[in-house]
Amino acid sequence: MNSNPQDILRQSKNLAIVGISDKPDRASYRVAAYLKEAGYHLYPVNPRLDEVLGLTCYPSLAAIPDPIDLVDVFRKSEDCLPIAEEAVKIGAKALWLQLSIRNAECRALAEAEGLDYVEDHCTKIEHSQLNQS
């Protein structure tokens with residue numbers, strides 16, 4: 001199991017962005033736009049939206065037709081366990097809880113199921129430091 005954020009980003013191509021917003025002032029939108037520009041294949045997940053950043057938005061992780069390397073979560077800490085369970089079910093390789101999001105149950109599940117795991121870090125910030133390390 002790998003918990004090095006930059007290694008996980010180097011190894012990931014297909015990213016599910018759970019809890020994405022279609023509002024440009026929201027962190028989830030800005031981070032997704034950055035990651036899309038950086039060349040990742042994004043799969044927005046929000047049951048209330050049809051499209052974000054010109055991409056089809058899926059109602060759940062299970063609805064995504066392609067394999068997912070990294071599930072990037074923008075939800076309240078207490079709402080993350082069902083997402084972690086779904087990440088395991090779809091065979092995701094890594095689970096990432098964004099800045100200020102921590103969940104001991106998610107960590108334990110990820111460790112038990114062999115998923116790479118990061119919490120309380122931002123994918124955009126970590127990616128921006130990739131070429132500096």
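**A pocket, an open parallel sheet and two loop residues**

The largest pocket has a volume of about 450 Å³ in this structure, which is a predicted model. Its lining is made up of 21 residues, and the closest to the pocket centre are Gly-19, Ile-20, Asn-46, Arg-48 and Arg-75. Two elements, helix H2 (27-37) and helix H3, give two or more residues each to this lining. In chemical terms, the lining residues of the largest pocket divide into 10 nonpolar, 5 polar and 6 charged.

From the pocket we can turn to the sheet. Here 5 strands form an open sheet with parallel pairing, and their order across the sheet is E2-E1-E5-E6-E7. Strand E2 (41-45) and strand E7 (116-118) stand at the two edges, where each has a single partner strand, so one side of each is left without a neighbour in the sheet. On average, and with direction ignored, neighbouring strands of this sheet are turned by 15° against each other. As general background, the strands of a sheet pair through backbone hydrogen bonds, in either a parallel or an antiparallel manner.

At the E7 edge, strand E6 (residues 94-97) is joined to E7 by 3 bridges, and the two strands run parallel. Within this pairing, Leu-95 has Tyr-117 of E7 as its bridge partner. Helix H3, which spans residues 81-89, lies across strand E1 (14-18), strand E5 (70-73) and E6, and runs at about 170° to E5. Helix H3 is thus an element that both lies across these strands and contributes to the pocket lining.

Following the chain beyond E6 leads to Gln-98, which is placed in the loop between E6 and helix H4 (104-113). Gln-98 has a relative accessible area of 3%, and because this is under 20% the residue counts as buried. When its neighbours within four places in sequence are left aside, Gln-98 is in contact with Val-31, Asp-72, Val-73, Phe-74, Asp-120, His-121, Cys-122 and Thr-123.

One of these contacts, Asp-120, deserves a separate look. Asp-120 is placed in the loop between E7 and helix H5 (123-128), and its phi is positive, at about 60°, although the residue is not a glycine. Another residue with a positive phi is Leu-53, where the value is about 55° although this residue, too, is not a glycine. Leu-53 lies in the loop between strand E3 (51-52) and strand E4 (55-56), and at 19% relative accessibility Leu-53 counts as buried, because the cut-off is set at under 20%.

Definitions and conventions. Residues numbered from 1 in each chain as written. Predicted model: local features only at pLDDT ≥ 70, side-chain atom pairs only at ≥ 80, totals over all residues. Heavy atoms only, no water. Pairing = 2+ DSSP bridges. Helix = DSSP H or I, 4+ residues; strand = E, 2+ residues; numbered from the N terminus. Axes fitted to C-alpha atoms, helices over the stretch in contact; angles between N-to-C directions. Contact = heavy atoms within 4.5 Å. 1 Å grid on protein atoms, 1.4 Å probe; cavity = no way out; pocket = protein on both sides within 12 Å on 5 of 7 lines; lining within 4 Å. Points joined across faces, edges and corners; volume = space filled by probe spheres on them. Nonpolar A, V, L, I, M, F, W, Y, C, P; charged D, E, K, R; others polar. Buried < 20%, exposed > 50% of the residue type's maximum accessible area, 1.4 Å probe, protein only.
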